[in-house]
Every structure is written in C-alpha cells, then in structure tokens.
Amino acid sequence: MAVRPRNSLPRPGVDARHQEHQPLKGLALMKIGIIGAGNIGGNLTRRLTALGHDVSVANSRGPQTLTALAEETGATPVPVGEAARGAEVVVVTVPLKAVPDLPSGVLDGLADGAAVIDTGNYYPQQRDGRIAAIEDGRLTESRWTSQQIGHPVVKAFNGTYAQDILDRHRPAGDPDRMALPVAGDDAAAKQVVRDLIDELGFDTVDAGGIDESWRQQPGTPVYGLQKGLEAVTKALAEASAERPADFRG
Ligand SMILES: NC(=O)c1ccc[n+]([C@@H]2O[C@H](COP(=O)([O-])OP(=O)(O)OC[C@H]3O[C@@H](n4cnc5c(N)ncnc54)[C@H](OP(=O)(O)O)[C@@H]3O)[C@@H](O)[C@H]2O)c1
C-alpha cells in the first residue's frame, strides 16, 4: 500500500464538510471498495474520502444512481462487480438477506492480503427472514456471510449507529472517544481494519475470531454501546451466547 502525503487542502468539487484540515503527514492511503451505499456505506464513503482514500462505491441499482454521493465526496461510483477490483479494503454493507444476491466473483481482483469488512446484522423479524444456519446457532452471522461471499471477513461497525461515523469520531486520547469491537480470524487483516478505524476516529477492542463474534451481534450488551475501551471490553465479556427473542426468526 502506498504511503503518500495527506493533502491538507480541500479537494475541488468535494463537499468541505467531510474534509479533514490537518497538517501534512505521512499516511497510508488505500484503495477501498464499498459494496452498499446506504446508511453505513454512504457515511463510510463520506469519511474515508475525507481522509484521502481512493474509494469506489456500488449499490444494487448501478453507478448512475450514485452521482449525488460521488459529487459530494469524490468517490467513484462503479457497478457492484467492480467495487473490489484492486482494493486493499472492501466493506460489504448490504442487508444480510441481500448477501446471497451479490454477483458470484464479487470479490475477484482484490489486492493481495486485502481485508474484507462485514458490517452486517441478522434481523429475521424485520428484514432478513429466517436463515436456519444462523438461527440454530451453527454459524455466527459473519461466518454465514463469509461462507456466502467465499472470503474471510473482519466484523466491524455492525453495532455502530451510522450517524456516529460522521458525528462521533474523536482524536486518539480524547476522553469521549468511542471504542468499536472488531472480530476476525486473519490477524493481519484485522490489524488493517483496526488501524483504519483508529484513523476514522475510534478506538477498537479485539473481540476474537469470527466464531466468537456472537459477542457483538444484535441484542448483546456491546451492540449500539457508545462508550470507550473499558466499557466495550466489559460488555463483550458479559455477552450471552443465547440469541435474544427479538432477534429470532
Ligand atoms: N443503519 C445502521 O445504523 C447500521 C449500523 C450498523 C450496521 N448496520 C448493518 O449494515 C448493513 C447495511 O445497513 P444499512 O443501514 O447501511 O443498509 P441500507 O441503508 O438499507 O443500504 C443498503 C445498501 O445495500 C445496497 N444493496 C442491496 N442489495 C444489493 C446488492 N445485491 N448488490 C449491491 N448492493 C446492494 C443497497 O443498494 P440499493 O439502494 O441500490 O438497493 C443500499 O445501497 C445491514 O446488515 C445493517 O444491519 C446498519
């Protein structure tokens, strides 16, 4: 991944609200693909472009429907099959029920060692319908998604309010800095994601591997928790493996 100076000047044509105005410093700028341009995908596009990353973004309806987001952020709208090409980080942020609809080979052409972030949650009653393998406890939500897309994932942002990505980022050391749990089996990919989240303005807590990621699924103490490192660590430890009734299909 290239290390280039961060440009402290606003980029022409890009909405100044999402731009950083910081002194020049060395930063690993990455090629990032975002699959899903809704609440989470849209706000990650806003913040990651503001940090100077090269962001491609896709939805189900095609790039021609993403011109407003592109004009606002400088991101490149692409067909979903192209979002991952050459990407060092990909964010899969579509409703869980839409994961099997992603085109086969959607992650073809990833950069070597790329990290694939899964932000997904299983909402059987409101949105996703019943998925037996998740429901009967055989697979965590992210293990299921990983099997569907045929690539290991790092689970992050799933319990983060989309608006907090824009509004609640803080510099390292700020007493109000929130912490986010991050789970994944690939230590190197998990570190890339943790570094990126730090750059986005949040601390992280290592929540273990994907088979342990039930600790951060909907209905757990950490889900939606807007607190720092200590509280997030405690909440992860207090999670119950039993799926709450509200999140059963
Ligand atoms: N909202 C939150 O605050 C929040 C917080 C944490 C985690 N999450 C989780 O993150 C995931 C995304 O949530 P969201 O609220 O961002 O969803 P959303 O606002 O409903 O947006 C979903 C996006 O996915 C796209 N999409 C759907 N099917 C697709 C397909 N087959 N190919 C390509 N793109 C597709 C949609 O494109 P079109 O509009 O073109 O159909 C849309 O851009 C969910 O699992 C959710 O539970 C959400």
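Strand β7 (residues 115–118) makes a good starting point: β7 and β8 pair in the parallel sense over two bridges. One residue pair to look for is I117 in β7 and its bridge partner in β8, V154. Please keep in mind while looking around that this is a predicted model.

**The sheet**

From that pair of strands we can step back to the sheet. Eight strands form an open sheet with mixed pairing, in the order β5-β4-β3-β6-β7-β8-β9-β10. The edges are taken by β5 (76–77) and β10, each with a single partner strand, so one side of each has no neighbour in the sheet. In the protein chain as a whole, the secondary structure comes to eight helices and 10 strands.

Here are three strand pairs from the β7 to β10 part of the sheet.

| Strand pair | Direction | Bridges | One pair of bridge partners |
|---|---|---|---|
| β7 and β8 | parallel | two bridges | I117 and V154 |
| β8 and β9 | antiparallel | two bridges | K155 and A183 |
| β9 and β10 | parallel | four bridges | L180 and T204 |

Between β9 and β10, the chain travels through helix α7 (residues 187–200), and this β-α-β crossover is right-handed.

**A closer look at β9**

How many of the six residues of strand β9 (residues 179–184) are buried? Six of the six are, so β9 is largely enclosed by the rest of the structure. In a regular strand, side chains alternate between the two faces of the sheet. In β9, A179, P181 and A183 point one way, while L180, V182 and G184 point the other way, and all are buried.

**Helix α8 and its two sides**

Helix α8 (residues 229–237) has V232, A235 and L236 as buried residues. Seen down the axis of α8, the buried residues fall within an arc of 100 degrees, so they line one face of the helix. What do these buried residues of α8 pack against? They pack against β9 and β10. On the other side of α8, E230 and A237 are exposed.

**I165 in helix α6**

Another residue worth a visit is I165, which sits in helix α6 (residues 162–167). Is I165 buried or exposed? The cut-off for a buried residue is 20 or more other C-beta atoms within 10 Å. I165 has 23 other C-beta atoms within 10 Å, so I165 is buried. Leaving aside neighbours within four places in sequence, I165 is in contact with N43, L44, R47 and T160. I165 and N39 are 126 residues apart in sequence, and their C-alpha atoms are 9.9 Å apart in space.

**Around the ligand**

Next comes the ligand. There are 27 residues around the ligand, and G36, G38, N59, S60 and A98 come nearest. Which element gives the largest share of this shell? That is helix α1 (residues 39–50), with three residues. By class, the shell has 13 nonpolar, 12 polar and two charged residues.

**The chain as a whole**

Finally, two values describe the whole protein chain. Buried residues make up 45% of its 249 residues. Of the contacts with a separation of 6 or more, 66% are between residues 24 or more positions apart.

Terms used
Residues are numbered from 1 along each chain as its sequence is written. This is a predicted model: local features need pLDDT of at least 70, side-chain atom pairs count only at pLDDT 80 or more; totals for chains, interfaces and linings use all residues. A residue is near a molecule or strand if its C-beta atom, placed from the backbone, lies within 6 Å of it. Ala, Val, Leu, Ile, Met, Phe, Trp, Tyr, Cys and Pro count as nonpolar, Asp, Glu, Lys and Arg as charged, and the others, Gly among them, as polar. A residue is buried if 20 or more other C-beta atoms lie within 10 Å of its own, exposed if 12 or fewer, and partly exposed in between; C-beta atoms are placed from the backbone. Two residues are in contact if their C-beta atoms, placed from the backbone, lie within 7 Å. Two strands pair if DSSP finds at least two bridges between them. A crossover is right-handed if, with the strands pointing away from the viewer, the path from the first strand over the helix to the second runs clockwise. The arc is that of the directions from the helix axis to the C-beta atoms.
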